[in-house]
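User: Could you take a close look at the strands and sheets of this model, and at the loops and contacts around them? I am a first-year student, so please explain each term when it comes up.

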Amino acid sequence: MITRKYRDKVIIKRRLVFALIFFIIVFSLLILRLFNVQVILSSKYKKMAIEQWTSEVKISAKRGRILDRNEKELAISGNVFRIDLDLNSIRSYLHNNKAMNMDILSGKLANDLGKTKEEINKILNYKLPSGALAGSANLVRRVPKEVADKVASLKVNGIIISPDTKRYYVNDNFLAQVIGHTNSDGKGLTGVELQYDKYLAGMPGRRIAEIDKNSANLDYTVSEFSKPENGDDVVLTVDKGIQEFAEKSADEALKDNKAKAVSIIVENPKNGEILAMVNKPDYNPNDPWEKGKSFDELQKEWRNRAVSDAFEPGSIFKVVTATAAMEEKLVKENDQFNCSGSITIAKKIIHCWKRTGHGAETFVDIIKNSCNVGFAILGQRLGAVNLNKWIKLFGFGQKTGVDLPGESNGIIKPTNKIGPVDLATIAFGQANTVSMVQYLSAFNAIANNGVWVRPHIMKKIVHYDSNNNEITDKTYEDYGEKQIVDKSTAEQLRGYLEKVISEGGGKKAYIDGYHIAGKTGTAQKPNPNGGGYEAGKYIASFAGMAPANDPQISVLISIDEPDPSNYYAGQIATPVAKQMFSDIFNYLNIKADASKDDIENSMLNDVVVPNVRGMKSEDAYKILKDNNLSFDKVPSGGNITDITPLPGATVKEGTKVILYTGTTPNYNSNVEVPDLSGMNKDKASEILKNLGLNCRFTGNGIVSDQDIAEGSKVQKGTIINLDLEITGD
């Protein structure tokens, strides 16, 4: 009996222990579960709860404008409407309204918006990631007022119509790659739209309401409403007038030279303000997603080549080498150089662009003549360490920090990998690559008395108070100024560069009285697959500043892959620069120290008087008009028997020629020999053929010499011997 009682006690005790352990385990699991829900998963469940008992609708802010420096509108946001759905309220409305259901509503909305019922149904039944029905959704954005009015007339609770904005680019393609564009949600994708998106975008507003289990708004709660804050306006440094000149010049250069691309930058060299920047071909930011084009093709159109593309600069880089040699006291103005047409370095022959050589030259001459041999010698004097020191001081191989997206670093050969041949070719603009914005910043340091300044596109960011008074939130301050060249060196070099325009390879950019200083460069394009350069593919460049004694304007022009029959910068880039400078001087009212007549005369192109003798008068008139020559009409019915000046004479556009007529078939057969220097083979042949002269060519390239001087009177049929040379300038 005692044993049984003892066994019962043990069993009871054991059961109690098991029960206690069971309750401890259950309690522990309950605590763990509560900890998991209340702590670990609290944010998830809180979010789910908020989704269930609140309804939220976002209200877009109006995107700020983009303006030029004079606050002329370039990009604006037009007033349109967006339609949002408070889905909880809509479900409650449909539950209480037997005359309409979800299917009828989707049909009416589809009809008003020009969409399919399937598209509308997908939005009306939108679910959250948690699987719960969403409380709100956007139905459509940027619809005109008439569409918004149709939807409003349905009078369905939960359909919310509010103001929205649509981005408009006032001048279509104007400044396209600089301004950039936005995506369908109004967020900046490229250009200034991307760079300054946080200022332009503003802050969206929102409406939050508490709802009951039937998704109806609770009467006793107050909806939370925050008004959207409109975006700020971004005022650019760009001058719309100067940009128009650049756009026009780039378009003409693209067409006239059958080029792949043309880019132009105009800056104020004193403060780095970008006054104009254009890339052709371009695109229309109002319709950036052109149908039929791949994404890669579209990105190439959107790309701001003046900022993002790097290229071998060619002879325009000689400005950097000349500055380095002057600053290191390795060259004097009257130092003598001898160019025989080539130089041998490390058993490799390096040719000058003038294969017959420049002969004896001073330091000023090698700049004026853009002599490769002279600059190869300067490279030897400098050495790799010194040359690379100055290349880096000028900012090459690193971003300028321009406030535009996608800037290229360029590529600079490391000092320890520069051999003797590399040293020579780098000195005259080969091997290294630079971007346009990078090069112009370096060139501007010479214009700005040796002070390098960071280029920039933003002038200020502003907003307006309730009285429409402008309030400035931010001005550009990150100039990064640094004195990299001695002031006297910069002044001296500007004088040398002025001779390039008045006497050297940049003569076609010369305008009497304005003292333009500049440099041309023609660079062959490297083969992207390695192994030298691509045949027939060049970049023709021109960099200029004016007035030379105190530059107010700097211009950089790049013509990519022009017609291979005429690709020399001195022939095709300088006329573009001449027109650009002329337009800008007049626009900014920059005074010249020459008479108006002299300035106008220097702006006129040279024309070779055509041979119209023997032609009917009407045929002769057409040819003279095509050559921009003036004349008095002569009695009709006869042939033109003579013309003054003689055919072949080089005169300015607009010159008046005198025509003589008669009935005799005999007429004066003398012609003048024109100046053919700088012309390519095809152009020289065409002019001589039209004059009745024959020609014989030696070499390749453009005309460098002719055996019968300009202005000489010769008989028709005379043979003119012409020497051609490949130029690097």
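Analyst: Let us begin with strand β28 (residues 656–662), which is joined to β26 by 5 bridges, the two strands running antiparallel. Within this pairing, N639 stands opposite G662 of β28. The model is a predicted one, in which local features need pLDDT of at least 70 and side-chain atom pairs count only at pLDDT 80 or more, while totals for chains, interfaces and linings use all residues. Residues are numbered from 1 along each chain as its sequence is written, and side-chain values use heavy atoms, with hydrogens and water left out.

Two terms are needed at once. Strands (E, at least two residues) and helices (H or I, at least four residues) are DSSP runs numbered from the N terminus, and two strands pair if DSSP finds at least two bridges between them. In general, the strands of a sheet pair through backbone hydrogen bonds, either parallel or antiparallel.

The pair just described belongs to an open sheet of 3 strands, whose order is β25-β28-β26 and whose pairing is mixed. Because β25 (630–631) and β26 (639–644) stand at the edges with a single partner strand each, one side of each is left without a neighbour in the sheet. A cis peptide bond, with omega of about -5 degrees, joins T644 and P645, and P645 is placed in the loop between β26 and β27 (650–652).

Another open sheet has 5 strands in the order β10-β9-β23-β22-β21, with antiparallel pairing. Here β10 (273–280) and β21 are the edge strands, and since each has a single partner strand, one side of each lacks a neighbour in the sheet. From one strand to the next, the twist averages 10 degrees, where axes are lines fitted to C-alpha atoms (for helices over the stretch in contact) and angles run from 0 to 180 degrees between N-to-C directions. Strand β9 (residues 261–268) runs antiparallel to β10 and is joined to that strand by 7 bridges, and one position to look at is I265, whose bridge partner in β10 is M277.

The loops beside this sheet also deserve attention. The peptide bond from A546 to P547 is cis, with omega near -15 degrees, and P547 lies in the loop between β22 (533–546) and β23. H515, which is not a glycine, has a positive phi of about 50 degrees and is found in the loop between α18 (487–502) and β21. As a general background, most residues other than glycine have a negative phi, and most peptide bonds are trans. With a relative accessibility of 33%, H515 counts as partly exposed, since buried means under 20% relative accessible area, exposed means over 50%, and partly exposed lies in between (1.4 Å probe, protein chains only).

A salt bridge is found here as well, the term meaning a side-chain nitrogen of Lys or Arg within 4 Å of a carboxyl oxygen of Asp or Glu. The side chains of E561 and K525 meet in such a bridge, at 2.9 Å from N to O. This pair links distant parts of the chain, 36 residues apart, with E561 in the loop between β23 (553–560) and α19 (569–588) and K525 in strand β21 (residues 517–526). Both E561 and K525 are buried.

Next comes a hairpin, formed by β18 and β19 with 5 residues between them. Strand β18 (residues 458–464) and strand β19 (residues 470–475) run antiparallel and are joined by 5 bridges, with V462 standing opposite T472 in β19. In the turn, N468 has a positive phi of about 65 degrees although it is not a glycine, and at 60% relative accessibility N468 counts as exposed.

Finally, a loop and a helix offer two further side-chain pairs. S315 lies in the loop between β11 (310–311) and α13 (318–327), and its relative accessibility of 3% is why S315 counts as buried. The side chains of S315 and S370 are joined by a polar contact of 3.2 Å, that is, a pair of N or O atoms within 3.5 Å, where within protein one must be able to donate a hydrogen and the other to accept it, and residues adjacent in sequence count only if both atoms are side-chain atoms. K368 forms a salt bridge with D365, with the closest N and O atoms 3.7 Å apart. K368 and D365 are separated by about one helical turn because they are 3 residues apart in helix α14 (residues 363–368), and both are buried.
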